[in-house]
Amino acid sequence: MLIDSHCHLDDKQFDPDRADVITRARESGVERMMAIGTGNGPPDLEAALRLARQYDFIYATVGVHPHDAAKATPETFAAMEALAAEATAKSKVLAIGEIGLDYHYDFSPRDIQRDVFLTQLKLAGRAGKPIVIHTREAWDDTLALLREHWSGGGIIHCFSGGPVEARQALDLGFHLSFGGVITFPKAEALREAARMVPEDRLLIETDAPYLAPVPKRGKRNEPAFMVETVRRLAEVRGVAPERIAEATTANFERLLLNCNFQ
């Protein structure tokens, strides 16, 4: 059994065949998925929840992506807090995310990104939820805010750093989630990081519809393609793909399901 810990099933690229995409995922062994609830940004916080409520095996997050930070209002955070506080069996909100900083595109001003990130860290702490981190070209600022304001669990989504960054994230208690980038020919520093991550801190994801793995690179990504990422990660770590599946499933359950449903 595989769990896709990060996919954007609400994306408009899936509008023509979303049900088929979900069926293919299940047929390929991806039995559970965590749909990321940032959508097109505020005021809509339920992009992932709408899917999670349709399928027993799909879970959700809620959050404001750094790209959309400038859209956030006090009403946004009040609504997010209410969703995170709902009875978990009803809401299926496992985490707050994806949240963080993105200095590559700067779609929202950096000071606003930092303020919104901090607000969501505090909200996640009050809700007792793990966080899902997006960081791009903002590693130092992301870590600085986490060191000062976060002491709970979480995921560095689509980890793309090397061993130094991996060690910094691990020291803060985070799980590292690996996606299709690990299959890219030039991603040797990432593969070196993947070799050193303790087995009990590994997760896998697609970030679908983005970052399809080799040999699907360049196509629309979907959860069924995660089997290619698992194969490559298993080769990198010198273990069987079944070991990766078993470990990452156990890690997801411990970090996210047990946290929310015990």
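Student: Why is glutamate 253 called partly exposed?
Tutor: Glutamate 253 has a relative accessible area of 26%. Buried would need a value under 20%, and exposed one over 50%. The 26% of glutamate 253 falls in between, so partly exposed is the right label. Keep in mind that this is a predicted model.

Student: Where does glutamate 253 lie, and what is it in contact with?
Tutor: Glutamate 253 lies in helix H10, residues 241-261. If you skip its neighbours within four places in sequence, the contacts of glutamate 253 are Met1, Arg32 and Asn258. Glycine 161, on the other hand, is 25 Å from glutamate 253, C-alpha to C-alpha, and 92 residues away in sequence.

Student: What makes proline 74 exposed?
Tutor: Check the number again: proline 74 has a relative accessible area of 64%. The cut-off for exposed is over 50%, so proline 74 passes. Proline 74 sits in helix H3, residues 74-85. Its C-alpha atom is 10.0 Å from that of threonine 119, which is 45 residues away along the chain.

Student: How do you know that arginine 191 is buried?
Tutor: The relative accessible area of arginine 191 is just 3%. Buried means under 20%, so that settles it for arginine 191. This arginine is in helix H8, and, leaving out residues up to four places away in sequence, arginine 191 touches Ile182, Thr183, Phe184, Pro185, Lys186, Arg232 and Val236.

Student: Why is H7 called oblique to H8?
Tutor: H7 and H8 (residues 188-196) pack at an angle of about 40°, and their axes are 8 Å apart. Roughly parallel would need an angle under 35 degrees, and roughly perpendicular covers 65 to 115, so about 40° comes out as oblique. The crossing of these two helices is right-handed. Where they meet, H7 brings Pro163, Ala166, Arg167 and Leu170, and H8 brings Ala189, Glu192, Ala193 and Met196.

Student: On to the rings. How many aromatic pairs are there?
Tutor: Four. One of them is tyrosine 55 with phenylalanine 57, a tilted pair.

Student: What makes the pair of tyrosine 55 and phenylalanine 57 tilted?
Tutor: The centres are 5.4 Å apart, inside the 6.5 Å limit, so the rings do pair. Their planes are 55° apart, which is neither under 30 degrees (stacked) nor over 60 (edge-to-face), so the pair counts as tilted.

Student: Are those two residues buried or partly exposed?
Tutor: Tyrosine 55, at 21%, is partly exposed, while phenylalanine 57, at 17%, counts as buried. The cut-off of 20% runs between the two values, so the labels split there. Arginine 26 also lies over the face of phenylalanine 57, at 3.8 Å from the ring centre.

Student: Why is the pair of phenylalanine 159 and phenylalanine 178 called edge-to-face?
Tutor: The planes of phenylalanine 159 and phenylalanine 178 are 70° apart, with 5.9 Å from centre to centre. Over 60 degrees counts as edge-to-face, so 70° qualifies. The pair links distant parts of the chain, 19 residues apart: phenylalanine 159 is in the loop between strand S6 and helix H7, and phenylalanine 178 is in strand S7. Phenylalanine 159 has 2% relative accessible area and phenylalanine 178 has 0%; under 20% means buried, so both labels follow.

Student: Which residues form one aromatic cluster?
Tutor: Phe159 and Phe178 do, together with Trp139.

Methods. Residues numbered from 1 in each chain as written. Predicted model: local features only at pLDDT ≥ 70, side-chain atom pairs only at ≥ 80, totals over all residues. Heavy atoms only, no water. Phe/Tyr/Trp six-rings, centres within 6.5 Å; stacked < 30°, edge-to-face > 60°. Buried < 20%, exposed > 50% of the residue type's maximum accessible area, 1.4 Å probe, protein only. Helix = DSSP H or I, 4+ residues; strand = E, 2+ residues; numbered from the N terminus. Lys NZ or Arg CZ within 6 Å of the ring centre and 35° of its normal. Contact = heavy atoms within 4.5 Å. Axes fitted to C-alpha atoms, helices over the stretch in contact; angles between N-to-C directions. Left-handed = near helix turned anticlockwise from the far one by under 90°.
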